[in-house]
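This report covers a sheet, a helix, a cavity and a pocket. The sequence and structure come first.

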Amino acid sequence: MDKVAVIGGGISGMAASMYLLAKGFRVELFESSPELGGRTGSLMMADGRQVDAGGKNIGRKYTRFRQLVDTIGPMEYEYFGLNTSQVVDREIVRLSREQGTGSAMRAILRFAGVAGIARLYPLVRALRRDREQGFLNTSYFNRISRKHDRATLASWFPRRCAEHLIRPMTVRMNGAEPDECYPGNFGSNLALVLDSYDQLTEGMHGMISRFERFAGDDMVLKEHHVESMEHHDATTTLHVRSPGGRYRRNFRKVVVALPACDAARLWTASFPELADLLGRIRYYPVGVALVRYRHDVFSSAERAMIFGSQSLVSNAGAYGIGDRNLVRYTFSGRASRDLLEKGLPAERMIALAEEAIEPYFSVSAGSRESSVYRRFSPGLCAYSAYHYSLLEALDRYLGTWRGVAVTGDFRRGASIEACCRAAEESVESLTGGADRERNL
C-alpha cells in the first residue's frame with residue numbers, strides 16, 4: 001500500500017500511526033522536536049528518574065488507549081483513583097473515590113449547591129446512559145450547544161457550582177476559566193469526573209519508548225519540522241526542515257495530528273481559509289513542575305489540592321499513590337498566563353507554587369531534593385463556542401482536498417482517550433474503512 005505521512009508525534013500522531021499500521025499502510029511520522037510525546041512527553045529529574053509532563057492518569061473507561069497500549073505492550077497499571085481537595089467556606093473539603101458514596105455526595109453538594117446539582121443532573125444522566133456523549137461533537141451536547149452556547153459555563157451554572165466544581169475541570173483540561181468555556185463542550189469535561197484512574201507503572205514515557213521500538217527507526221523522523229503543505233491533483237507536497245537541510249516530499253495520503261493553531265500554519269499560504277478556521281480554536285499556556293521533597297507532602301487520604309482563581313498554581317498533587325513526596329504543580333488559568341507567557345525561570349515558578357500551598361501542606365525550598373519544569377505554548381485546548389459548527393465547516397473545507405485528514409485534541413476532546421478516538425476516525429475517513437491487514 002501507499003506510504004502515509006503523519007505530521008505530529010504526540011498522542012494523536014502516534015495513535016493515527018498505529019491505526020494506519022493496522023490497516024497495512026506504511027507510515028512516516030514527522031516530529032519537529034527531538035522526542036515524541038508532545039504534551040505527554042517526559043522530563044528527566046536530577047536522580048535520573050523520568051517523569052511525565054501530562055497524560056499520566058488513564059481512565060478505566062479509556063478502552064481505545066488501553067487497546068493501543070496492549071498492542072505495543074503489554075504494560076501494567078497501578079491504581080491512582082480520584083482524590084482531590086479544595087477550600088470551601090474556609091474549610092478543606094475532600095472528594096475521593098475511597099471515601100464512600102455518602103461522603104462523596106456531601107462533598108459534591110458543598111461544591112455545587114442544590115441549584116448546581118439540579119443543573120448537572122440531566123448531563124450526568126446522559127453520560128451514564130451513553131458514555132460516548134463524553135466526547136466533543138456528540139448528539140446530546142450539540143443540542144445543548146445550539147440552545148445555550150451564547151452563554152458561558154460561568155453564567156450557565158450557579159456561581160458556587162461554577163467556582164468550586166466547574167472551574168477545576170476547565171482549568172485542568174482546557175487551561176481556561178468557566179467564563180471562557182461553553183456548555184456544548186462540557187461533556188468532555190464532565191466525563192473525566194465520572195471515571196476512576198490508573199497509571200502505567202512504566203509511565204507514559206515507557207509507552208512512548210515501546211511505541212518507538214514497535215514502529216522501528218525507519219518510520220519515526222524526529223527533528224523533521226513540516227513547515228507548509230501544498231496540494232496538486234491527488235498529491236500533497238510537504239515542505240520539511242530537518243538537521244540535514246530543507247527538502248520536499250510527496251504523499252497521496254497525509255494525517256495532520258497537531259494542535260489546531262500549529263496545523264493552521266501549514267496552510268497559511270496555500271489554503272488561508274482553512275488556516276483561518278483552525279486559528280479560531282483557542283489554546284492557553286500551561287506550565288508543569290515536578291518537585292521531589294525529603295518528606296511526604298501528601299497523605300494516602302489526601303493526595304491533591306485545587307486552588308482558586310486568584311492563585312498562580314491551579315492544582316498540586318502527589319505524582320502517584322506511592323510518590324507522596326513527589327509533587328506535580330500545574331500552572332493554568334487566567335492568573336498564571338502573564339507569567340507563563342513571560343517565561344519566568346523554573347525556580348521562580350516553583351517558589352510561587354510553594355507559597356500557594358504552604359498554608360495547607362509543608363513544603364519549602366530547603367526541603368527540595370530535585371525539580372523539573374516545562375512550559376507548553378500552545379498548551380491546553382479550550383475549543384470554541386458552537387464548536388460542532390466549526391468542526392462541520394472544517395470538514396467541508398477538507399472535503400475539497402482529498403487525501404488529507406486533520407485530527408488532534410480539538411476534534412473529540414483533550415483526554416488521551418478522546419485523542420485516540422479522533423485519530424481512529426481520521427484514519428477511517430482517509431482510508432475509506434479499508435480492511436485491516438494487521439490486528440490490533
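## Largest cavity

The lining of the largest cavity divides into 11 nonpolar residues, with no polar and no charged ones. This is a predicted model. The lining residues are Ile11, Met14, Ala15, Met18, Phe65, Leu68, Val69, Ile72, Met207, Phe211 and Cys420. Two or more of the lining residues come from each of helix H1 (11-22), helix H2 (63-72) and H8.

The space in the largest cavity is about 100 Å³. In total, the structure holds 3 cavities of 30 Å³ or more.

## Helix H8

Helix H8 covers residues 203-215, and its length can be checked against the expected rise. With 13 residues at 1.5 Å a residue, H8 should span 18 Å; the end C-alpha atoms lie 19 Å apart, so the two values agree. After H8 comes Gly216, which has a positive phi, near 90°.

The buried residues in H8 are Gly203, Met204, His205, Gly206, Met207, Ile208, Arg210, Phe211 and Ala215. Met207 and Phe211 thus appear both among the buried residues of H8 and in the lining of the largest cavity. In an α-helix there are 3.6 residues a turn, so residues three or four places apart point the same way.

## The parallel sheet

An open sheet is formed by 5 strands in the order E10-E2-E1-E14-E20, with parallel pairing. At its edges are strand E10 (220-222) and E20, each of which pairs on one side only. From one strand to the next, the twist averages 15°. Strands of a sheet pair through backbone hydrogen bonds, in either the parallel or the antiparallel sense.

Strand E1 (residues 3-7) pairs with strand E14 (residues 253-257) in the parallel sense over 4 bridges. Opposite Val254 in E14 stands Ala5, and opposite Val256 in E14 stands Ile7. E14 also pairs with E20, again in the parallel sense and over 4 bridges. In that pairing Val254 stands opposite Val404 in E20.

## Burial of strand E14

How many of the residues of E14 are buried? The count is 5 of 5, and E14 is described as mostly covered. Side chains in a regular strand alternate between the two faces of the sheet. In E14, Lys253, Val255 and Ala257 point one way, while Val254 and Val256 point the other way. Both groups are buried, Lys253 included.

## Second largest pocket

Which residues are the closest to the centre of the second largest pocket? The space in this pocket is about 460 Å³. Of its 22 lining residues, Gly403, Val404, Ala405, Ser429 and Leu430 are the closest to the centre. Val404 links this pocket to the sheet: this residue of E20 stands opposite Val254.

At least two residues of the lining come from each of helix H13 (387-398), strand E20 (404-407) and helix H14 (416-431). H14 gives the largest share, with 5 residues. By class, the lining of the second largest pocket has 9 nonpolar, 5 polar and 8 charged residues. For the largest cavity, by contrast, the lining has no polar and no charged residues.

Note on methods:
Residues numbered from 1 in each chain as written. Predicted model: local features only at pLDDT ≥ 70, side-chain atom pairs only at ≥ 80, totals over all residues. Heavy atoms only, no water. 1 Å grid on protein atoms, 1.4 Å probe; cavity = no way out; pocket = protein on both sides within 12 Å on 5 of 7 lines; lining within 4 Å. Points joined across faces, edges and corners; volume = space filled by probe spheres on them. Nonpolar A, V, L, I, M, F, W, Y, C, P; charged D, E, K, R; others polar. Expected span 1.5 Å × (residues − 1). Buried < 20%, exposed > 50% of the residue type's maximum accessible area, 1.4 Å probe, protein only. Pairing = 2+ DSSP bridges. Axes fitted to C-alpha atoms, helices over the stretch in contact; angles between N-to-C directions.
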